[in-house]
Structure formats: structure tokens, C-alpha cells
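Hi,

Here's the structure I said I'd pass along. Have a look, and my notes on what turned up are underneath.

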Amino acid sequence: MLLDILLFLLGLAMVVGGGNYLTDGATVIARKMHVSGLVIGLTVVAFGSSAPDLVVCLMSTIWDHSQLALGDVVGANIFDILLVVGIVAVIRPISITSDMQWKGLPMVVLASLALFFCSDDRLFDGAATDSIDRTDGLMFLLFFVIFMVYTFDMSRQAPATPSVQKGGPDQSASTPVSRRQLIIAIVSVVASLAALFFGGDWLVDGASGIARRAGLSEGLIGLTIVGFGGSVPDLVTSVVAAMKRQPGLALGNVVGACVFNIFFILGICATVKPLDTGSISLFDFSALVVGALAVWVFGAITGPKEISRREGTVLILLYAIYATKLILDLLHH
């Protein structure tokens, strides 16, 4: 058990660190190739920040631990939607723009509902088992293409504003890149990809080993340890954004991450190999839908267009209820 825990922690540190340095290195290379800051933000940075989850989920799927992959995405999205948004709103109320009201938040609701319907075959189709098959995965990928086209269109219509990224102040795509910076960036990307590969492999091995020796389901491990661990950087980044009086940036990061996790990561994984939902229950998928609807209703439908401190507190309480259920499941097992 101790070896599995050490393997899991080392793998988690490597995938988080690898994702961070991959983003930094790839951004420098993209600037050297004269790619615009907008395209860098929507592609390189978005992919780099989600690379750890993508690697963990893809490797879990390939090695027949699909419950771990699905649990990671569901657990991470519930964590982001309820706890991260709730904490940010308590620190500083989140103003909702028109685009976020009618495009961003509804897309999170759509993604959560799509996952809910596709994952409950016994409820909706009367099937013997629940799974997300290749047809569902291809549909998710098509939704992701629509989301990216939609995002590019919104960004083209919006006025240009400086972006703030995890690593610090944004550097314009027009800033010259020296030869030394380029070499360091290439080495960083190669090392990050290696860290993601080996770290993801070790994380999956450690998590599945913990589940096996503790008598826990892989789905439960994915919902708790893997999902929480992968979302801690999102929590830190969002809290820092709120402290810097940019709560809207934190909400934008959560919206992008949730849509990316479902439509892109699960889309790729389910296309590679159908995902068995296993012990991930209707309650878990319902909690994700309820959380997405709550954020949309609080921020865009009821009262002023903002998520207030009181509403943020409600989101945190909803997450506490869900976390209590998970803890009881762990104790029961």
C-alpha cells in the first residue's frame, strides 16, 4: 500500500508540473512562430492546462481502468463548479458578462447534460449496463469542435484585453524570442511530455493499486483522490485571480476546463475504447448537472448578473453535501 501511495503522489506531482511547463514552453515556441496571443490562449494554454487530466484519463482507458478516467473528469468538474466557483464568489462576487450568461454557462450545462444522458444507458435505453461508447465519444468531439468555433467567434468580436495566465503576466505574441529562450522552451516541452507520460502511468498504477488493496472501486478513487488532486491547481489559480480582483477570469477558467474535460478528454477516451461507468452512480452525474444549473441560475437568471457571496456559500454547502456522501461511501467500503 505504501508503495502505491508513493507512486500515486509522485505521478500526480509529475503530471501537474509537466502540464505547467508544457504550457510555458509551448507558448514560447508559438510566439517564435508568430502565432497570435489569442490563438495561443485558446489552443496552447488551454491544452497545456488540461494535459495532466488528458494523460491520466487516456492511460486509464488504454490500461482498462475506464472508471478511473470517468471518475477523474466527473470529480474534477464537480469540484470546479461547486467548490472553486463558490470560494471565488465568497472572496469576491463574480460579475457575469452577456457572453458568459448566454454562451459560456449554458455550454457547461449542455456538456453536463450530455454526459448525464450518455452515461445512463440502463435508465434511458433499458440496457443491461451503463457505458459511454464510441458513438458518444465522437458526438462529444463534434460538440468540442462547435465549442472551439464558438469561442474563436466570441473572441474575435470582443475587444482585445490583456490576458492573465497561471505563470504570471502575459507576454505578447509580438515579443521577440531569443535563441536561448527557444532552446530552453524546446527542452522544456520534451521534458514535460516525458513527465506527463511517466507520471500519468505511475499515477494510474498507484491509484488502481490503492483501490485494489483498500477494497475500493476505481470509480470512487477517481471521484475523490484523482479528481481532487488534479483540481487543486485550478483552485489555487482561481483564488489568486479573485484576490487580484479578477473573479471573472476564474469563472472563465472553470467554464473552459469543464467543457474541455467532457467534450475533448472523454470524447477522445471513449473513441479509443468505450468507458464503463461502473460504480460512478446516477447521483454523481446528477450532482454535476445540479451544480452546472445552480451556477447558471445564480449568475444569469435570478437577480443581478453576478454570483454573490450568499450564492457562493450555497455552492460550497452543496459541495459539502456531495463530499459527505463520498466520505460515507469510502467509510462504508
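Let me start with S188: leaving out residues up to four places away in sequence, S188 touches Y21 and G25. S188 sits in helix 7, which runs over residues 179-214. Its relative accessibility is 16%, so S188 counts as buried, the cut-off being under 20%. Bear in mind that this is a predicted model, so every value here is computed from it.

Now the overall picture. The protein has 333 residues, and 49% of them are buried. Its secondary structure comes to 11 helices and 6 strands. If you take the contacts with a separation of 6 or more, 84% of them are between residues 24 or more positions apart. As for the outside, the protein exposes about 15,200 Å², with carbon and sulfur atoms supplying 70% of that.

Helix 3 is worth a click. It covers residues 66-91, 26 residues in total, and spans 36 Å from its first C-alpha to its last, close to the 38 Å expected at 1.5 Å a residue. There's a kink in helix 3 all the same, about 30 degrees and centred on D80. Helix 3 is also mostly covered, with 23 of its 26 residues buried.

What does G291 touch, not counting residues up to four places away in sequence? The answer is I81 and L82. G291 and I81 are 210 residues apart in sequence, yet their C-alphas are 6.2 Å apart in space. G291 belongs to helix 10 (residues 282-301), and at 2% relative accessibility G291 counts as buried.

V55 gives another long-range pairing. V55 and L196 are separated by 141 residues in sequence but by 6.6 Å in space, C-alpha to C-alpha. You'll find V55 in helix 2 (residues 37-62), and its 17% relative accessibility is why V55 counts as buried.

Last, the core. Nonpolar side chains tend to be buried together in soluble globular proteins. Here the largest nonpolar core has 82 residues, and L115, F140 and F263 are the ones that touch the most other members. If you want one residue to centre your view on, try F140: setting aside its neighbours within four places in sequence, F140 is in contact with A114, L115, C118, I132, I262, F263, L266 and G267. Two of the partners in that list, L115 and F263, are the residues named beside F140 for touching the most other core members.

Shout if anything looks odd when you load it.

Cheers

How values were computed
Residues are numbered from 1 along each chain as its sequence is written. This is a predicted model: local features need pLDDT of at least 70, side-chain atom pairs count only at pLDDT 80 or more; totals for chains, interfaces and linings use all residues. Side-chain values use heavy atoms; hydrogens and water are left out. Helices (H or I, at least four residues) and strands (E, at least two) are DSSP runs, numbered from the N terminus. Buried means under 20% relative accessible area, exposed over 50%, partly exposed in between (1.4 Å probe, protein chains only). A nonpolar core is a set of buried Ala, Val, Leu, Ile, Met, Phe, Trp, Tyr and Cys residues joined through side-chain atoms within 4.5 Å. Contact means heavy atoms within 4.5 Å. The expected span of a helix is 1.5 Å times one less than its number of residues. The bend at a residue is the angle between axes fitted to the seven residues ending there and the seven starting there. Accessible areas come from the Shrake-Rupley method with a 1.4 Å probe; for residues, only the protein chains shown count as cover.
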